[in-house]
Amino acid sequence: MSSTIIWTIVIIAGLGLLLAVILFLVARQFRVEEDPRIDEVEKVMPGANCGGCGFAGCRAFAEAAVKAPNLDNNYCPVGGNEVMQKVAAILGYEVKEKAPQAAVVRCNGSCANRPKTNVYDGAASCRVKAALYSGDTGCPFGCLGCGDCVNACQFGAIVMNPETGLPVVDESKCTACGACAKACPKGIIEIRPKGPRGMKLYVSCVNRDKGPVAKKACAAACIGCGLCAKTCTHGAVTVIDNVAYIDPAKCKLCRECEAVCPTGAIHSVGFPKPVDKEAVKKRIADRKAKAAEAAKAAEAAAQPVKKEENNG
Amino acid sequence: MAKITFNIGGVHPDDSKIAKDRPIEVLPLPQTVWVSMAQHLGAPAKPVVAVGDKVLAGQVIAEPGGFISAFVHSPVSGTVKSIAPRKDLAGNNMTHIEIAVEGDEWVEGVDLSDTLVTAIPEDRQAILDKIKACGVVGLGGATFPTHVKLNPAPGSVAECLIINGAECEPFLTSDYRIMLEKTKEIIVGAAIMQKVLGGCRCVIAIEDNKPEAISAMRKALGELGYSNMEVLPLMKKYPQGGEKQLIDAVMHRQVGSGALPISVGAVVQNMATALAVYEAVQKNKPLVTNTLTVTGDCLPVEKQHNYLFRIGMPLSYIAEYAGGVPGDAAKIVSGGPMMGKAIANLDACTVKGSSSLLYLSEAMTKRGEQSACIRCGKCAQACPMGLEPFLLYRLYKAGNTDELEKNAVHDCIECGCCLYSCPANIPLLDYIRQAKGQVLGIIRARAAAAKAAAEAAKTNEKK
């Protein structure tokens, strides 16, 4: 009886030893060299695996970052500059600092602004709804209101406002991973720089219909009148396909476009005070008057020169 | 009566053919028509007229925008007012040509008389050219260009031409009416297509809830004396009018996944398409008219109509002419209640494939509250393609495209049987349609990549 137990122990131990040797040899033979920096980089990543950087998770990003010759094309929007500094320190690269970004919803077609024209009773998914038809309002470009963006966000940074029927972004939680922008079948969500002290201006509309059509569908639509583009002295506003767009890189936050917009399609975020439309309009008028005077003076100044030329 | 029908799945909704005894009336012309450039499956047509041009009815106003595309003709005579985006049925923008109607003059050579022309042209290619030039598309729903379908790839042989008279969608009666009123024309149209396909067998398949149509067709067939053509009554079951289901019912052959009907030797054409082919080849008349049913469960019989309409007529104009939209209509649908689309914009205009203006009451259209799937398997039993809708729905929710493809989600014909049969009111089709789109996109991308790789390999070899 006792010999059975002893033999069992001996055989099992011998087998274990043999397999250990085989495993050891195999592991040595087929060892994969891996850059130890990949693990280090992965450790400093936020670990959200959101895919906002364009890679399939934080590990994939770390691998790509270690392989890449510099960090120009690899940026973790969730970790932001802080994490990227750490990554750069590990890899010995320099990092190009990026302004912090957040998602903005470019639609202001609230229930009040954009009356419903029909009733949708299909599956509660923007994607399904967009595949079926233009939506339950007159605007074929705007928010469908089923909340695909809310479902896509892993950070709880975007919620539906039941009053307006539109999604609202909580910038303090938003990591600019872009999941909501990808989930939106209408493409109304844009990732924009948060702006200095969180101040920014954007056109809250993507309706490419002509003015009267857009206006009929939604009271807050951009009608493509171009007043904002004419007023802007920084060349930040362009109007393409009947809809204005403010380039965040050029915008100086003077809020003149916001003041002149006839439909209120231009929204400001993070400013301490609402815009004083009259004051801004007066400022624009003054500037125009001055410019006209200057032009006149220049003309007057140019004429004698011409005469001289003639004489010469 | 023989119980011939397709094998797998199917449902039996009440056929509600209320408008079946209303003869076809001709709609008067409105003051303006808007002709859409997307009248067919495939690339939208390209306008060839300019603003201010005078056009005659039957004149080409747009040419095909690709291989799978079709000519579009002016349905009226008048002046082109604008070529601009306009909202279609679903509220999406599409280029439309606006024509102000002046009189009703047709281009030369169009025979508008009712005399039956039975002498079929000899030259096969000439017939195909004529069908193409007249912009004929399949009027069964998909509006696939007919000349492409009638010209199968070399090597494939058509053994049987099936003329689809199933009209399995409830309420719709336009096909039924033309079967009664244009019987001989349809048969001649079928004979023309038979000739193009090389003299194969022809079966006119009609569901047995239309006995008058079956006997009218049989009588006309006897009078015309075509020997290689027969009328086949089928048992009423939805979706019998689906191409693959009809082939199963008539020929007892199954079209493989992703394959075309021609792979089993079948070509299916709709009743109205046969009529359009007849008019194009024998009468030189382009496809600018079709038949449409104004019907629904909240419309009394005397207000229901079958109209001969011209393409480009606003639906609101037709609704107005027919006596206005009934107050208790909760939904207006274009097409049948099973597969048709609810109309988001009544100002949209008729297209070649328009088949109905269907007013449905709230009781008919209201979706019940969704509850959890109880795995009863009714959807799998109802699916005529042998799919498992409950599984596809779960896979879509999980985002598992590999499994979706393995479970052949791309075979879905979007007939709606699953949604119709689901006791838990799960919007199965809504999600499966999305999944199908996703998987088809993946399959197409893979095919394109394989093609590119093959070409790259070829050029490398040459080097």
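I began with the pair α3(B) and α5(B) in this predicted model, and I found that their axes come within 9 Å and cross at roughly 35°. I noted the crossing, in which α3(B) passes α5(B), as left-handed. The residues that make this contact are B:Tyr176, B:Met179 and B:Leu180 on α3(B), and B:Glu212, B:Ala213, B:Ala216 and B:Met217 on α5(B). Sorted by class, I entered six nonpolar residues, no polar ones and one charged residue for the contact of α3(B) with α5(B).

I then turned to α4(B), which packs with α5(B) at an angle of about 65°, the two axes lying 9 Å apart. I recorded the crossing of α4(B) and α5(B) as right-handed. From α4(B) the contact takes B:Thr183, B:Lys184 and B:Ile187, while α5(B) contributes B:Ala216, B:Met217, B:Ala220, B:Leu221 and B:Leu224. The class count for the contact of α4(B) with α5(B) is six nonpolar, one polar and one charged. I marked B:Ala216 and B:Met217 in particular, since they are listed in the contact with α3(B) and again in the contact with α4(B).

Next I looked up α5(B) itself, which runs over residues 211–224 and has 14 residues. From its first C-alpha to its last, helix α5 of chain B reaches 20 Å, close to the 20 Å expected at 1.5 Å a residue.

Which residues of α5(B) are buried? I listed B:Ala213, B:Ile214, B:Met217 and B:Leu221. Viewed down the axis of α5(B), the buried residues fall within an arc of 100°, so they line one face of the helix. I kept the general rule beside this entry: an α-helix has 3.6 residues a turn, so residues three or four places apart point the same way. On the face turned away from the buried side of α5(B), I found the exposed residues B:Pro211, B:Glu212, B:Gly222 and B:Glu223. B:Glu212 is thus an exposed residue that also belongs to the contact with α3(B).

I also checked what covers the buried residues of α5(B), and the cover includes the helices α3 (174–181) and α4 (183–196) of chain B, together with the strands β9 (160–165), β10 (201–207) and β11 (229–234) of that chain. After α5(B) comes B:Gly225, for which I noted a positive phi, near 75°.

Last, I looked at how the chains meet: the contact takes twelve residues from chain A and twelve residues from chain B. The side of chain A that touches chain B has six nonpolar, four polar and two charged residues.

Conventions: Residues numbered from 1 in each chain as written. Chains lettered and ligands numbered in written order. Predicted model: local features only at pLDDT ≥ 70, side-chain atom pairs only at ≥ 80, totals over all residues. Contact = placed C-beta atoms within 7 Å. Nonpolar A, V, L, I, M, F, W, Y, C, P; charged D, E, K, R; others polar. Helix = DSSP H or I, 4+ residues; strand = E, 2+ residues; numbered from the N terminus. Expected span 1.5 Å × (residues − 1). Buried ≥ 20, exposed ≤ 12 C-beta atoms within 10 Å, placed from the backbone. Arc of directions from axis to C-beta. Axes fitted to C-alpha atoms, helices over the stretch in contact; angles between N-to-C directions. Left-handed = near helix turned anticlockwise from the far one by under 90°.
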